[in-house]
Amino acid sequence: MTSDGTISPVTTIDSLRASVRRHRFAFAFLAAVTSILFLQPLLKQEVFTLRDHVDYFQPLRWFTAEELKAGRLPLWNPYSASGEPWLANPQTGVFYPPTWVFLLLPFATAYMFHLLGHLVILGWGAYLLFTRTGSRGAALVGAVAVTFSGPTLSLLDVSNNLTTLAWLPLALWCAAAGAWRRGGIVLALAFLGGEPFLAAVTAILYAVTLLGSRSASEPEPSRLSRRAMLLLLSAVVAAGLSAVQLLPFVETLQGSDRASGLGRAQILRESMPPGDWLRIVVPPTLSETGIDESLGQEYIPIVYMGAVVVLLALIGLTRVPRRRDLAGWLALLAVCVIVSMGPSLLAAVPASPLRYPARMVALAVFPVAALAAAGWDRLRRDKRWLDLLVVLILLADLVPRARPLLASAPFDANPVRYDLSIGKESKLLRLGNIDPARRAPWIAGYLNLYDRRFDAGTAAPVASKDYVDLHTMLVEAPTPELVSSVGIGFVITDRDLTDSLTPIARSRGVLVYAVRQATPMVTYQSATWRVGSPIEWQAGTSRITAALDAPERGVVTVRQQAARGWRVEVNGRPADLMLVDNHFLGVEVEKGRHEVVWTYMPWSLIVGAAISIIALLALQFSAFVKGSRRELAEENFSS
């Protein structure tokens, strides 16, 4: 293979097939063992239930899939945070090919296959990466250490981290080979997987690997400039393919709580105390909730990487002076340890990109596994049964520790038992501390999406800074005027509010109160008139419609966040969009009957889609040209 990722004339199809055959045992073994972890829930058609599975990722995936199945592109979520950009959130995975499995299979099966597939991709990528610098047996040891370690399996319930991290080893493998086309595609998949921070880390490591790799066929004076050109080409491919998601996401970041305003302590919560790093060799003691209560953070519930793995890594350290790649892995491990400790060591570093620094523990698995593979390479003899013995020892050590992470139950698309009228016409507001064991009564996370209830809050990782401030005021000082302006109709709480509100439902110690004379989602108001509800209105994922008879000139307001991309028409004609109460969409109408339509279509999506289509066509053309050149070269070589 040449440095630009093409196949040389002497690399025949037969040799490629032989290469696949050479590694097929490892591929099959990793896929088979990973599948065993998922076998029981797949056979029972169940889903994982730990933490974010139930109230975040499952309703997020379900809502997105239902919209796509109905032929609607989910540009906007009108049901959370008084509306929020939906497709712009990479976690929704609208343009991420592996998530399309939700359109083909029953939800529970698709959910499990989605997670299973990414663990397999992770294992295969790690194996291929480690074979570049070691034996196949050692590479298999390293791949098992990566795939089945506690930090890796802990990402199952924060699956956007897993779906992005799964592409990291393949990206580094492409970088080491100088395969810029494939590298660009893998980098695009990493971002589309849903975790921008880890995608950025993957891109940085890709660049370092590509620029630092060496080839005997490349003269030293031209090596760096050639590698820089390959990196630029990879960046163009990655940016082009992901532009359809990247541009709307970047637009959403502007004015968001990620970009400014969020307190440092909140951004850097869940950092990894130094003492927790000692527990990578101490088997966890897990509570009923699947959390190791001896840890100083809970983002990664199991930090155990395996005593045998760490022992092999210590042996691998002795090879660092002679192997440049191991020195690089050791440097990455040091960075992971430092960043994971959060504010204690990073007081002078801007905090915004470092939310949940404990996830760096999952990234640290790679250098530990690479060192372990090098350690086993030093000890092993050229006998496959010894490799398998070590692999089985690792599995016997790691897999039983992870069982609490794999708890499953039947998928429930109706977890909220309250009457459907609660949250259907006006919004929900939570007051109090949510008990993690009682999420359904609180309609926590995105549980409101199953029944399409309107929620004043959101579980989204990115939200409008202005709206976050408004919601904070609602929670801390909910005055009647403020509650009315936002359209709050129901309060969910564990407090006694009977003096001012009417209790209408109760579930496991959680009460639902109705707000008297609640303001509905769409209203009309003039100097002398106020109509609480139009004749009819409907909210969708790209448009909101309302019909009303206005007794005089006034303003129609829909209590959805104003965002770039909104337009409004009155009776089929474009109208000027108004900002009501500093947050919500409004339009002025004259006396008479009116049909009002608000439509959401951001230009960032249109431009991004055009760029991605051009990138796809360019890649297809490039592949055609490359294939034609290869066929001609092979014919000339044969003759």
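This section describes the fold, two sheets, one pocket and one buried residue of a predicted model.

The chain has 639 residues, and 54% of them count as buried. Its secondary structure comprises 20 helices and 18 strands. Among contacts with a separation of 6 or more, 75% link residues that lie 24 or more positions apart.

One open sheet contains 5 strands. Their order is β11-β12-β18-β14-β15, and the pairing is antiparallel. β11 (536–539) and β15 (573–575) form the edges, and each pairs on one side only. On average, neighbouring strands are turned by 25° against each other, direction ignored.

Within this sheet, a hairpin of 3 residues connects β11 to β12. These two antiparallel strands share 4 bridges. Trp-537 has Ala-546 in β12 as its bridge partner. On its other side, β12 pairs with β18. Here β12 covers residues 543–550 and β18 covers residues 592–600. The two strands run antiparallel and are joined by 8 bridges. Two residue pairs help to place this pairing on the model. Ile-544 stands opposite Trp-598 in β18. Leu-548 has His-594 in β18 as its bridge partner. In a regular strand, side chains alternate between the two faces of the sheet.

Another open sheet is built from 4 strands. The strand order is β5-β6-β8-β7, and the pairing is mixed. β5 (427–431) and β7 (502–507) each have a single partner strand, so one side of each is left without a neighbour in the sheet. From one strand to the next, the twist averages 25°. β7 pairs with β8 (residues 510–514) in the antiparallel sense. This pairing runs over 5 bridges. Within it, Arg-506 stands opposite Leu-511 in β8. A helix also packs against this sheet's strands: α18 (residues 465–476) lies across β5 and β6 (488–493). The helix runs at about 60° to β5.

The second largest pocket has a volume of about 900 Å³. Its lining consists of 40 residues. Thr-252, Leu-253, Gln-254, Ser-256 and Val-462 lie nearest the pocket centre. Three elements give two or more residues to the lining: β3 (84–85), α9 (196–212) and α10 (220–253). The most comes from α10, with 5 residues. By class, the lining has 20 nonpolar, 14 polar and 6 charged residues.

Leu-394 offers a view of long-range packing in the chain. This residue lies in helix α15 (residues 384–398). Its relative accessible area is 2%, so Leu-394 counts as buried, the cut-off being under 20%. Beyond its neighbours within four places in sequence, Leu-394 contacts Val-141, Val-144, Val-308 and Val-309. For one of these partners, Val-144, the separation in sequence is 250 residues. In space, the C-alpha atoms of Leu-394 and Val-144 are 7.5 Å apart.

Note on methods. Residues numbered from 1 in each chain as written. Predicted model: local features only at pLDDT ≥ 70, side-chain atom pairs only at ≥ 80, totals over all residues. Heavy atoms only, no water. Pairing = 2+ DSSP bridges. Axes fitted to C-alpha atoms, helices over the stretch in contact; angles between N-to-C directions. 1 Å grid on protein atoms, 1.4 Å probe; cavity = no way out; pocket = protein on both sides within 12 Å on 5 of 7 lines; lining within 4 Å. Points joined across faces, edges and corners; volume = space filled by probe spheres on them. Nonpolar A, V, L, I, M, F, W, Y, C, P; charged D, E, K, R; others polar. Contact = heavy atoms within 4.5 Å. Buried < 20%, exposed > 50% of the residue type's maximum accessible area, 1.4 Å probe, protein only.
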